[in-house]
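Biologist: Hi! Could you walk me through this model, with the cut-offs spelled out as we go?

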Amino acid sequence: MNTFLTWLASAGGIFGILVTAVEDILGLDPVALLLTLLTPALLLYARHEVRLRRLRSIKDFLLAFGSTTEKINTTRNSGDGAAAANGVAQPAVNAASNVTVNARLTNNPSFEFVKSKYVSDLHVKDPAQGKTFNQMNDIEQIDWIIKSIGRFGSRNDWKIFLSAFGFVLLCYFGFSALHQTLICGLGAQTSTCLQPANTVAGAQVAETYGNWGQLAVIGSLAFAGAFIAAIRNFVRSVAVFDLSPYTFLRHTAEIVASVIFTIVLFAVFRDPMSQITDLVAKIIPGTAGTLPATPPAGTVAAGHIQPIWFGLAPLLGLIPQSATKFLLIKFQSLINWIKTTDDRFISVTKIVSLDIIDGIDYETRFRLEECGIYDVQNLATYNPIMLHIESPYGIYQVFDWIAQAQLCHILGPEKFLIFRELNIRTIFDLERAINSKYSVKAFDEICSGVLLASTSSMRETVRISVTKPIAVDDGKAEALEADAFCAWARKRMIRDDDSTSTQHVLRWIADDLHVRRLRRLWLDISESLGEESAALPDGLDAEALLREAKAREEKKAREQEAREAQANENAAVQQVQPVQQVDPAIAVAPAGGQ
């Protein structure tokens with residue numbers, strides 16, 4: 001008992017008791033155990049909070065853009081016949097809170113993808129009373145999901161935590177080895193560290209592949225770099241809500257591979273500077289005396305690690321697959337069956353940086369990279385609602401960026417910048433300039449001049465590929481340079497109807513699926529803003545827009561009246577009772593009879 005009290009007094013508080021218990025009773029490294037368990041626990045807690053916050057953001061998005069001019073007060077149920085009438089999508093109404101949800105928006109596939117991303121892995125039970133989950137509208141479903149998942153530590157969180165068991169086990173041994181390495185001063189021999197096993201009579205004998213202590217030091221440093229790389233990817237996965245059991249499994253395999261290949265590289269290239277010096281001396285005769293002197297073979301201490309490896313080991317672990325790629329490059333000359341890469345066009349196939357988009361600076365670009373958006377193509381094809389939910393940027397700002405990126409992605413940076421100087425910034429600006437009913441022929445000619453302009457990338461492609469496009473005039477075919485071919489194409493359009501040709505060019509460049517998705521969302525949100533937002537009252541187009549809006553409202557009113565009349569007629573027919581058949585055997589009493 002006295003021994004226990006003495007141990008308790010020397011432990012130093014509750015945390016000291018836990019540390020001492022883990023170290024003395026369980027025989028585990030308390031620092032390594034703490035870091036190992038905290039890593040997945042904090043990641044899962046962050047994932048839980050991200051889900052709740054973004055579900056609330058989705059609800060706010062619905063409330064902000066849920067108003068519509070087509071308000072039909074019907075409740076959207078699942079399979080009970082209360083859906084759309086005559087094939088027209090109808091909004092859902094929350095009778096309890098009297099909130100009308102824009103049916104066009106909630107039935108939009110882009111919105112459904114965003115919502116399903118945060119609820120697809122949940123098993124939500126139906127409420128004990130009232131509607132079932134499928135009978136609720138979107139806002140009611142989101143409220144019920146937030147209430148159902150409750151606090152951190154749900155069944156889904158525990159499933160992911162159990163799937164990270166391999167990662168936890170690997171991290172414990174890695175942190176334990178790293179802790180010991182740091183205590184020993186990166187391999188320095190102290191009284192608390194093991195001495196080299198190959199010390200003979202006080203003299204250290206050189207080894208070809210290093211002893212176990214050296215490999216442990218190099219492996220722990222490689223683990224440190226690989227763990228930092230894994231944490232970066234984990235944080236990015238949490239930011240885009242992509243943390244799953246596969247994420248833990250993939251990073252566990254990458255850490256193991258990085259550590260193993262780094263140890264192999266250390267064993268093969270234990271003294272890389274000496275090997276580089278010898279190689280240079282063999283290639284360039286006469287430089288042996290001018291290069292730095294290296295220790296002779298057999299004099300390097302068994303416990304000594306070249307200083308370059310203290311930086312190289314974590315670096316190889318920090319860059320995923322860097323060690324394996326290094327080995328592949330070294331031995332590529334011995335493996336002739338690997339398909340080589342045609343890199344002739346690297347100079348003309350560079351990715352377009354996000355900095356070209358108006359409104360995106362370095363800090364914004366870094367924040368977008370956390371969402372997996374690294375260049376203009378990624379931004380052009382991204383779901384705008386998802387980017388709004390997963391980033392701190394407003395929906396209108398996101399729409400503007402994506403519309404700019406789509407124009408830049410389709411036309412290229414050179415033509416995109418020229419159009420921007422002509423006040424055409426987005427794909428929809430170009431669409432209005434060419435295909436609007438208010439557009440003029442002069443702008444068709446201006447835009448077609450930019451669309452068919454030759455660029456430096458086109459000229460470089462023709463030069464590298466040694467391939468010239470062919471133009472045909474008066475039955476003669478001629479191979480032309482890039483500038484001459486673009487000029488011929490422009491003249492060929494003028495020969496026919498220039499406006500029709502330019503509109504045809506616009507139709508095919510603006511018919512990508514991501515452009516059509518953005519156009520659909522643009523129209524849905526624009527509808528929620530109302531017709532009065534289309535032009536100022538004293539604008540030239542205001543009167544025409546008001547007439548069009550009035551005509552649409554009258555048409556909708558007539559259609560609504562027709563639907564109501566048809567519904568009343570159907571109800572009247574169902575209320576009419578069928579004529580009863582009278583049995584002829586039954587006598588009819590005479591008038592006034594008893």
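What follows is a short exchange of questions and answers about this structure.

Modeller: Happy to; this is a predicted model, so local features need pLDDT of at least 70 and side-chain atom pairs count only at pLDDT 80 or more, while totals for chains, interfaces and linings use all residues. Residues are numbered from 1 along each chain as its sequence is written, and side-chain values use heavy atoms, leaving out hydrogens and water.

Biologist: What is the mean pLDDT of the protein, and which helix has the highest confidence?

Modeller: pLDDT is the predictor's confidence in each residue, from 0 to 100. The protein averages 76, and 72% of its residues reach 70 or more. Helices (H or I, at least four residues) and strands (E, at least two) are DSSP runs, numbered from the N terminus. Confidence is lowest in strand β1 (residues 93-94), at a mean of 41, and highest, at 95, in helix α15 (residues 376-380).

Biologist: How many contacts does the stretch 296-302 have in the model, beyond near neighbours in sequence?

Modeller: A contact means heavy atoms within 4.5 Å. The pLDDT over residues 296-302 is below 50, and where pLDDT is low, the predicted coordinates should not be read in detail. With that caution, the number of contacts for residues 296-302 is 14.

Biologist: Which residues have the most contacts inside the largest nonpolar core?

Modeller: A nonpolar core is a set of buried Ala, Val, Leu, Ile, Met, Phe, Trp, Tyr and Cys residues joined through side-chain atoms within 4.5 Å. The largest one has 86 residues, and its largest share, ten residues, comes from helix α17 (residues 395-411). Leu-387 touches Val-398 and Ile-402, among others. The residues with the most contacts inside this core are Leu-379, Leu-387 and Leu-430.

Biologist: Is Val-217 buried or exposed, and how far in space is it from Leu-178?

Modeller: Val-217 lies in helix α9 (residues 212-239) and counts as buried because its relative accessible area is 7%, where buried means under 20%, exposed over 50% and partly exposed in between (1.4 Å probe, protein chains only). Val-217 and Leu-178 are 39 residues apart in sequence, and C-alpha to C-alpha their separation in space is 7.4 Å.

Biologist: Ser-237 lies in helix α9; which residues does Ser-237 touch, not counting those up to four places away in sequence?

Modeller: Ser-237 counts as buried because its relative accessibility is 7%. Leaving out residues up to four places away in sequence, its partners are Asp-242, Leu-243 and Thr-247.

Biologist: What is the accessible area of the nonpolar patch that includes Val-440?

Modeller: Patches take residues with over 30% relative accessible area and no salt bridge (a side-chain nitrogen of Lys or Arg within 4 Å of a carboxyl oxygen of Asp or Glu). Like charges are joined within 9 Å, and nonpolar side chains (Val, Leu, Ile, Met, Phe, Trp, Tyr) within 5 Å. Val-440, in the loop between α19 (427-435) and α20 (441-451), is partly exposed because its relative accessible area is 47%. Together with Ile-418, Leu-422, Phe-443 and Ile-446, Val-440 forms a surface patch whose accessible area (Shrake-Rupley method, 1.4 Å probe, only the protein chains shown counting as cover for residues) is about 390 Å².

Biologist: What is the phi of Asp-474?

Modeller: Most residues other than glycine have a negative phi. Asp-474, in the loop between β5 (470-473) and β6 (476-479), has a positive value, near 55 degrees.
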